[in-house]
Structures are given as structure tokens and as C-alpha cells.
Amino acid sequence: MPNLRILSLLLLLLSCGEPQATEQTSATDNRPPNVIIIFADDLGYGDLSCYGHPTIQTPRLDQMAREGFRLTSFYAAAAVCSPSRAALLTGRYSTVCGMPGNKGPDSPDGLPQEEITLAELLQEEDYQTACFGKWHLGAVEGFFPTDNGFDEYYGILYSNDMEPPWVNTERPLQLYRDKTPTSEYPVDQTTLTERYTQEAIRFIREQQEAPFFLYLPHAMPHLPIATSERFSGQSAGGLFGDVIETLDWSVGAILDVLEEEGLSENTLVIFTSDNGPWNRMPPRMYETEAVEKWHAGTAGPLRGSKATTWEGGFRVPCILRWPGQITADRSSSELLSTLDIYPTVAALAGARLPADREYHGQDEIAFLRGESSTSKRESFYYLNERVLEGVREGDWKLVYKPDEEGQLSARLYNLSRDPYEWHNVAANHQEIVASLERMLQQASENLMAPLHF
């Protein structure tokens, strides 16, 4: 009889434990998804093996593409650093959100304080938020990440070349913890990618009670590039390949910790870049042996690079992964932009966009989940700092560039048939040129960006 009593007690304890576990699982399932944005710096369209690079190997990003959604017509909202990051975090073109050009170490301001970042929006929905990496939206009090919706921050406040000998400034490049500079100087750039990843892993492991938003804007592969001894000399692509393969390791480490913590199926992970590769470096970057011309990446088959309105400046890799929500092993040439991330994530979090301002993105949940074969985005505008230089609508792109005599002329390309922008067909399609010009003229006023044709 005593054995029967013990058996009954054990059965009672087991039956009491089951509802508690079910309740906990249900609470997790009902939470809005976690969101991780991994933002490379100056990574070109052709720099990953899953986008065609012949020597650099990115097995974890390739895996992420197999397990998720790979986009081939995805656009950063600007072709240089600060404007691109501002547009990502506000869902608004850079001229409208007050960040048309890059900020430097000595800039007295940053992203306007009246802008509502994605982090601030998600904080209102009880998300825990963190940013680890390059900020580049202000480096003085009132403009730090922790002034813009992030609970914590660790990283450099602007580009890793913004110190002597590359930039004439008396302000040293330093690592910051929240608003306080660390004592490390000079910054050991060889381990930045690994340290940002470690911070990200620590943050993810701590988030068990609330949804989280993790923004991981890497310093690499912006020049000057560097990686640690652990990864040095491992890639057939040389030092640049080592740097990209370090980023690939970082992505894999993030995906692994999500699996370990049981968070994969409730976490949307987005990997992309702020703009194309820095192939047109100014002379100042060659004044030291630390930078070689081949240390910049590649836009693959695309024309142009960073700081241009050719495709190579704006079109970047983008891979999205969300097991159980985004169908695996998909790819699409549908038009999307970093501008669409803000409203899409807001909708997933159950947040309402503020009604007092215009947003330039679309909620693309249905497209990402495969419920629609087409995206909502029909057009995209190419801004060169404050100037509006071009527009894409559907397959057609109109951009104004100087001809051989230095006169601005219309260039029309069919990006479906000619994504390389080799063949200007403006003379044969004047009606399309006229239609796209009207779009540019209307957008010029809305985007507060003058035309130069």
C-alpha cells in the first residue's frame, strides 16, 4: 500500500505540472515576435556566396537563405551611411526625416529629436531594445542611441575611418557603453565584430519575459577593414573575404543562440546592408598602407557603388528568416526597401504608426509569409543627399546622369531585362520617360529634394 500511495502522489505532481508548462508555452506563443536587424556596413550586392561571390564563403548566411527568404531587388533607402540608417529606423526618406547627409565626429547634432525611431515605437509595446555596433546618427548628448529608444548601447558612434589619418578631427574614435566612452584607445577594430556578437548573445539570453528588438549595425566591412587572428588568413578572398566570413560566423552565432533559447520560431531575423561597396574611395583613404583598393567589396554584376544612384549604390543583399512564418527556400525579385521594415515590424508588434507624419514604407507581412506573390511597393526614389536623381517604377528606372559633354541627360533602363544598366532606351520610350519625370516632379516637393534636370 505505501508504494501505491507514492505512485499516486507522483501522478498528482505530474498532472499539476502539465497545465503550468502549457500556460507558459501559450504565453510565449501569444507574444508578438522578437525582431533582429543585422545591418552590415558597405556590404555590396555581390559579396556573399549566396549572391554569387566566387571565392568568399558564407555558409551560415547561405543556410539562412535556405531557411528563409532571399530578395534580389531590395534597396537601401540611401547610398551612404547616416541617411540610410535614419531611413531604416524612421521609415521615412532621409530628406524628410532630417538626415540627408553623413554626420561626422564634430557634428553638433544628429537624427532630429522629433523623429520616432522603430526602437521608440517598440518600447511603447513593452519591447526590450538594444543596439550594438555603429550608430552614426549623432555623437553628442541628446542624439545617442539611448536617447532614441534603445535601453542599452555598446559600439562606436560613427564610421571606423573617422579619425586620423583618414579624417581631420581632434576627437578620438572610442567605444561607448550607453553614453560613456570606455577607456580603450585606440579601439581594437580586429575584434569589433566578435564583441558586438557577444553583446548580442548576452542580450538575447537575458530576454525571457518580454519581446525584444535587437539592432546589430556592424562596423564592417566599412574601410579600414580588420578581423581577429581567429579568422585572419582563412578566406580565399583575402583580408576582405576574412572580414565577410567573420560576419557570416556572427550571423551563425545569433541563429544558434536563438535555437538554444527556444526563440527561433518567434523571432524575425533580417540581414542586409546600409548601401553598396565603397569602390570610389577618396584619396585620403590611400594615405596609409592599412587600406588597399581591393579591400572594398563588389556590387557583383550591378553598375556603380556606394554614393552613386546606380544600382550598385542602392541594391543590397537582404535575407529574412522566421521559421514557421516565412516559407523556407524562397527568393524573389519583387521590389522592397529598408523603408518597408518599419511599418512591417510595427504591424507585427501590434503598434500603430503615428498619424502626424508621412511614412514611405509598406506593411509587407502578407508578401513575406507567401500569402501574396507580389509586394505592395510599386516605386522607389534614388536620392543623392538632398538631390532627387531618379525613380524606379516596376521594371523601369529613370535616372539623370551627365553625358560625355557633361550635360545631364535622361537614362532609362528596364531593370528586369537589363539590371546592369548597360542599355539606355530613353529614345525608344519617350512616353515612359515623360511618365517617370512627372513622378519625379511630384516627389520632389513631397520629399523636399530638388531635381537637377
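Modeller: Two strands are said to pair if DSSP finds at least two bridges between them. Strands (E, at least two residues) and helices (H or I, at least four) are DSSP runs, numbered from the N terminus. The model is predicted, and local features need pLDDT of at least 70, side-chain atom pairs count only at pLDDT 80 or more, and totals for chains, interfaces and linings use all residues. Residues are numbered from 1 along each chain as its sequence is written, and side-chain values use heavy atoms, with hydrogens and water left out.

Biologist: How many bridges join β1 to β9?

Modeller: Strand β1 spans residues 34–40, and strand β9 spans residues 267–273. The two run parallel, with I38 standing opposite F271 in β9. The number of bridges that join β1 to β9 is 7.

Biologist: Which residue of β8 is the bridge partner of V35?

Modeller: Strand β8 comprises residues 212–217 and pairs with β1 in the parallel sense over 5 bridges. Within this pairing, the β8 partner of V35 is F213.

Biologist: How many of the 7 residues of β1 are buried?

Modeller: A residue is buried under 20% relative accessible area, exposed over 50% and partly exposed in between (1.4 Å probe, protein chains only). On one side of β1, N34, I36, I38 and A40 are buried, and on the other, V35, I37 and F39 are buried. The number of buried residues in β1 is therefore 7.

Biologist: Are α5 and α6 roughly parallel or roughly antiparallel to each other?

Modeller: Axes are lines fitted to C-alpha atoms, for helices over the stretch in contact, and angles run from 0 to 180 degrees between N-to-C directions. Angles under 35 degrees count as roughly parallel, over 145 as roughly antiparallel, 65 to 115 as roughly perpendicular and the rest as oblique. Helix α5 (residues 192–206) and α6 pack at about 10 degrees, with axes 10 Å apart. The term for α5 and α6 is therefore roughly parallel.

Biologist: Why is α2 called oblique to α6?

Modeller: Two packed helices are described by the angle between their axes and the distance between the axes. The axes of α2 (residues 59–66) and α6 (residues 238–260) come within 7 Å and cross at roughly 50 degrees. Because of that crossing, α2 is, relative to α6, oblique.

Biologist: Which residues of α6 are met by P59, R60, L61 and M64 of α2?

Modeller: Contact means heavy atoms within 4.5 Å. The residues of α6 that P59, R60, L61 and M64 meet are D248, V251, G252, L255 and D256.

Biologist: In what order do the 4 strands of the open sheet lie?

Modeller: The pairing in this open sheet is antiparallel. Its edge strands, each pairing on one side only, are β13 (379–384) and β16 (408–414). Neighbouring strands are turned by 25 degrees against each other on average, direction ignored. The order of the strands is β13-β14-β15-β16.

Biologist: Which residue in β15 stands opposite R392?

Modeller: Strands β14 (residues 387–393) and β15 (residues 396–402) run antiparallel and are joined by 4 bridges. Opposite R392, in β15, stands K397.

Biologist: How many disulfides does the structure hold?

Modeller: A disulfide is a pair of cysteine sulfur atoms within 2.5 Å. The number of disulfides in the structure is 0.

Biologist: Which cysteine has the sulfur nearest to that of C50?

Modeller: C50 is in no disulfide, and with 17% relative accessibility it counts as buried. The nearest cysteine sulfur is 11 Å away and belongs to C318.

Biologist: Which cysteine has the sulfur closest to that of C131?

Modeller: C131 is buried, at 0% relative accessibility. The closest cysteine sulfur is 14 Å away, too far for a bond, and lies in C81.

Biologist: What is the omega of the peptide bond from M220 to P221?

Modeller: P221 is located in the loop between β8 and α6. The bond from M220 to P221 is cis, as is the bond from Y185 to P186. For M220 to P221, omega is near 5 degrees.

Biologist: Is D329 buried or exposed?

Modeller: Most residues other than glycine have a negative phi, and most peptide bonds are trans. Phi of D329 is positive, near 55 degrees, and D329 lies in the loop between β10 (318–321) and β11 (330–332). With a relative accessible area of 60%, D329 is exposed.
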